Amino acid sequence: MRTQKTFLRKAMLLLGLAVLSGVIGCWTQDPSGVERATQLRAAMAKLQPLHAPLPPPAPGDWLAEHREPGQTFDQYLQSDPVRPDDQRRVIYIQLLGEFNDTQRRIVDLTADYMARFFNAPVTTQPDLSLSIIPPHARRTHPSWGMEQILTDHVLHDVLRPRLPDDATVYLALTTSDLWAGKGWNFVYGEASLRQRVGVWSIYRNGDPDAGEEAYLLCLRRTLGAAVHETGHMFGLRHCTTHMCVMAGTNHMAESDSHPLWLCPKCLAKVCWAMRVDPVDRYRKLAEFCQENNLQAERAFFEKSIAVLNGSAQAGR
Ligand SMILES: [Zn+2]
Ligand SMILES: [Zn+2]
């Protein structure tokens, strides 16, 4: 009995050491990681009152249909997420399909927004034609009739073999609708948490040539999907606590209700992984929103800067 207890104690100690060394192992790869995490926790607490909690899911919403545990900042740190290093620093965008001039303008703006959002250089690769997708990775939707391509094929057969040496992540943007295989009608996008590849579609983002409002809606939807899928590639799981660009979405109304920004917890993850100061990051995003008529977002980023600088009280 005593032997068993001693054995158990030893086993627990070893397990404890293994967990601890896993955490320390992750942090010591970056000497300032612990300090940065501490600073980010302080920023999270200051920003908290600016952010609305995620309301209980309505029938048909993402969390009504998908049980997800969420991910705390500490869980994120312990997951040893994909992040830039000396060899792999660039976010690559791969266009797949035919894009008109306005869509191309939105792609260029999306690359700019991503660079500011993730504090990383963003490069757009020369276009690939949809003709490279073989018949077994295409279908016509059985009820709706539109052409769709299979996300799994894009991730593993189009992107993985073409992953550039200096790519931290590689994201395809397509004009085709997407589906994720058996059991799915369509998806807006899909990304791998570990394999550094992702795909998202602008098929459902509306016609950006149908007037100023439609243009802004298409821009906002494209920016949101781009940073959401890229966030997954940097190891962020779905946000289950706040109105946040990392919350999962099941339909367009739900998607449109989510903001283009990160909640404090998801912000801490991105700032930690990408080694960026939250105020510098907010400043660059506010500039982008000012230049592109995204006024609600500009006001939110400026308020966040003021709260972090101590020149304004946090409050929604
Ligand atoms: Zn997602
Ligand atoms: Zn979040």
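Two residues are in contact if their C-beta atoms, placed from the backbone, lie within 7 Å. The legends below describe a predicted model.

**View 1. Asn292 in the loop between H10 and H11.** Asn292 sits in the loop that links H10 to H11. Leaving out residues up to four places away in sequence, Asn292 touches Leu109 and Leu219. Leu109 is 183 residues from Asn292 along the chain, yet their C-alpha atoms are separated by 8.8 Å. Asn292 is partly exposed because 18 other C-beta atoms lie within 10 Å, where 20 or more would make a residue buried.

**View 2. Overall make-up and confidence of the protein.** The protein holds eleven helices and eight strands. Of its 316 residues, 37% are buried. Among contacts with a separation of 6 or more, 71% join residues 24 or more positions apart. The average pLDDT is 88, and 89% of the residues score at least 70. Confidence is lowest in helix H1 (residues 2-28), with a mean of 33. Confidence is highest in helix H10 (residues 278-291), at 98. Across residues 1-29 the pLDDT is below 50. Beyond near neighbours in sequence, that stretch has seven contacts in the model.

**View 3. The crossing of helices H2 and H11.** Helix H2 covers residues 33-47 and helix H11 covers residues 295-309. Their axes come within 9 Å and cross at roughly 120°. The crossing of H2 past H11 is right-handed. H2 contributes Ala43, Lys46 and Leu47 to the contact. H11 contributes Ser304, Val307 and Leu308. By class, the contact has four nonpolar residues, one polar and one charged.

**View 4. Helix H7 and the glycine that follows.** Helix H7 runs over residues 212-233, 22 residues in total. From first C-alpha to last, H7 reaches 32 Å. That span is close to the 32 Å expected at 1.5 Å a residue. Just after H7, Gly235 adopts a positive phi of about 90°.

**View 5. Asp80, a positive phi outside glycine.** Asp80 lies in the loop between helix H4 (73-78) and strand E1 (90-96). Its phi is positive, about 50°, although Asp80 is not a glycine. How many other C-beta atoms lie within 10 Å of Asp80? There are 14, so Asp80 counts as partly exposed.

**View 6. Asn119, between helix H5 and strand E2.** The loop here joins helix H5 (101-118) to strand E2 (122-128), and Asn119 is in it. Phi of Asn119 is near 55°, a positive value in a residue other than glycine. Asn119 has 17 other C-beta atoms within 10 Å and is therefore partly exposed.

**View 7. His141 in the loop between strands E3 and E4.** Strand E3 (138-140) and strand E4 (147-150) flank the loop that carries His141. Which residues does His141 contact, leaving aside neighbours within four places in sequence? They are Met146 and Gln148. Trp179 is 38 residues from His141 in sequence and 9.0 Å away in space, C-alpha to C-alpha. His141 counts as partly exposed because it has 13 C-beta neighbours inside 10 Å, while exposed residues have 12 or fewer.

Notes
Residues numbered from 1 in each chain as written. Chains lettered and ligands numbered in written order. Predicted model: local features only at pLDDT ≥ 70, side-chain atom pairs only at ≥ 80, totals over all residues. Helix = DSSP H or I, 4+ residues; strand = E, 2+ residues; numbered from the N terminus. Expected span 1.5 Å × (residues − 1). Axes fitted to C-alpha atoms, helices over the stretch in contact; angles between N-to-C directions. Left-handed = near helix turned anticlockwise from the far one by under 90°. Nonpolar A, V, L, I, M, F, W, Y, C, P; charged D, E, K, R; others polar. pLDDT = per-residue confidence, 0-100.
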